[in-house]
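User: Could you take a close look at the second largest pocket for me? I'd like to know what lines it and how the lining splits by residue class.

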Amino acid sequence: MDHELDVEAVDSIDAPTGVDAAEYVLYGGKGGVGKTTCAAATALASARDDTATLVVSTDPAHSLSDTLETDIPPTPTRIREDIPLYGAEIDPEAAVGEGPLGMDDDALGGLGQLLGGDGPMGGAGSGGPAGGPDEDVIGGEGGLLGGSMPGADEAAAMRLLLDYVDDDRFDRVVIDTAPTGHTLRLLELPETMDSMVGKILELRERFSGMLGNLTGMFGGDEEVDAEQGIEDLRELSDRIEHLRAILRDPTQTDFRVVMVPEELSVVESERLLGRLDEYGVPVSTVVVNRVMQDPSEVLGEAVDIPGPNHAECSFCARRWDVQQRALARSQELFQGHDVRRIPLFAEEVRGERLLNVVSACLD
């Protein structure tokens with residue numbers, strides 16, 4: 001780029017004030033494509049018009065704190081004093097540690113320990129016949145069901161996310177989702193929960209006589225209260241179904257798929273769009289990130305951001321050819337969607353300076 005031209009400095013670019021989006025904005029896609037960057041930029045723009053905005057990361061490999069250059073705790077906390085911006089990095093492992101599916105300790109009573117919790121018949125320290133500390137006499141590592149209860153980490157993250165979605169403090173919630181596979185499993189959780197409740201009922205019936213004699217093994221004379229645990233599971237399943245209904249409502253939710261212009265990312269994005277369509281989740285926007293195009297062309301105005309020199313840099317030219325082929329293959333994928341491009345920056349996108357440029361590209 002010729003820096004003698006009359007160009008606009010990055011710091012003086014007008015960052016969008018507010019966003020034209022639904023109450024809930026979700027960014028999904030393959031890991032490493034820039035969902036966190038997009039979520040952070042959107043949340044910043046949203047909060048600038050005094051819209052109380054919560055940006056949430058459900059990705060176990062959090063990077064939201066680094067992107068916004070501030071420490072973000074696992075519970076919603078205001079992270080800016082000048083604008084109503086809140087942040088939270090959900091820690092599903094810690095939530096699971098609170099008990100099965102993140103519920104209160106022993107929410108399933110003794111049955112919860114049989115199913116997979118710590119204790120005399122399940123989980124760490126049980127000392128099963130194999131002699132290992134993580135083995136038990138019922139069904140291998142982790143209790144009768146083997147290992148942690150199915151979908152426990154996703155369910156725990158979903159439980160926390162439900163609390164935030166229903167929180168009246170926020171006018172908009174922007175969600176940086178986990179990679180594609182985790183996102184799809186979250187959408188499958190209602191069926192998983194129904195299956196889990198069915199297994200618990202079956203096990204309770206099969207072991208009803210045994211459970212009647214196990215009260216002493218689970219804390220003295222306390223009765224095994226599996227009924228309440230089952231009811232808790234059903235309630236959680238209903239709340240997850242409530243969230244799925246929100247995701248299916250285009251007036252409430254704006255789901256945006258993020259990809260990079262590479263063949264594997266196109267394939268992954270196509271798969272995600274197909275699965276979201278199966279679940280009835282409408283996708284409004286496809287964001288193509290890290291495009292090797294001059295930032296001034298993407299933004300539609302001259303800016304002093306270094307861009308690729310396709311004429312003199314053979315590597316840049318070859319990469320641009322690869323990207324153009326991937327973009328050409330994805331034209332059918334883009335049909336019916338609003339397409340936004342974000343250029344590949346020479347430096348890492350961290351802090352408000354470049355996040356303003358990203359939000360301008362998304363605007």
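Analyst: By class, the lining of the second largest pocket comes out as eight nonpolar, eight polar and eight charged residues. Here Ala, Val, Leu, Ile, Met, Phe, Trp, Tyr, Cys and Pro count as nonpolar, Asp, Glu, Lys and Arg as charged, and the others, Gly among them, as polar. Keep in mind that this is a predicted model, where local features need pLDDT of at least 70 and side-chain atom pairs count only at pLDDT 80 or more, while totals for chains, interfaces and linings use all residues. Residues are numbered from 1 along each chain as its sequence is written, and side-chain values use heavy atoms, with hydrogens and water left out.

The second largest pocket holds about 410 Å³ of space. Its lining has 24 residues, and Val-33, Gly-34, Thr-37, Asn-289 and Arg-290 are the closest to the centre. A pocket, on a 1 Å grid over the protein atoms alone, is an open set of points where a 1.4 Å probe fits, with protein on both sides within 12 Å along at least five of seven lines; lining residues have an atom within 4 Å of a point. Points are joined across faces, edges and corners, and the volume is the space filled by probe spheres set on them.

As for who supplies the wall, α1 (35-47), α2 (64-68), β7 (283-291) and β8 (338-343) each give at least two residues. α1 has the largest share, with three residues. Those elements are DSSP runs numbered from the N terminus: helices (H or I, at least four residues) and strands (E, at least two).
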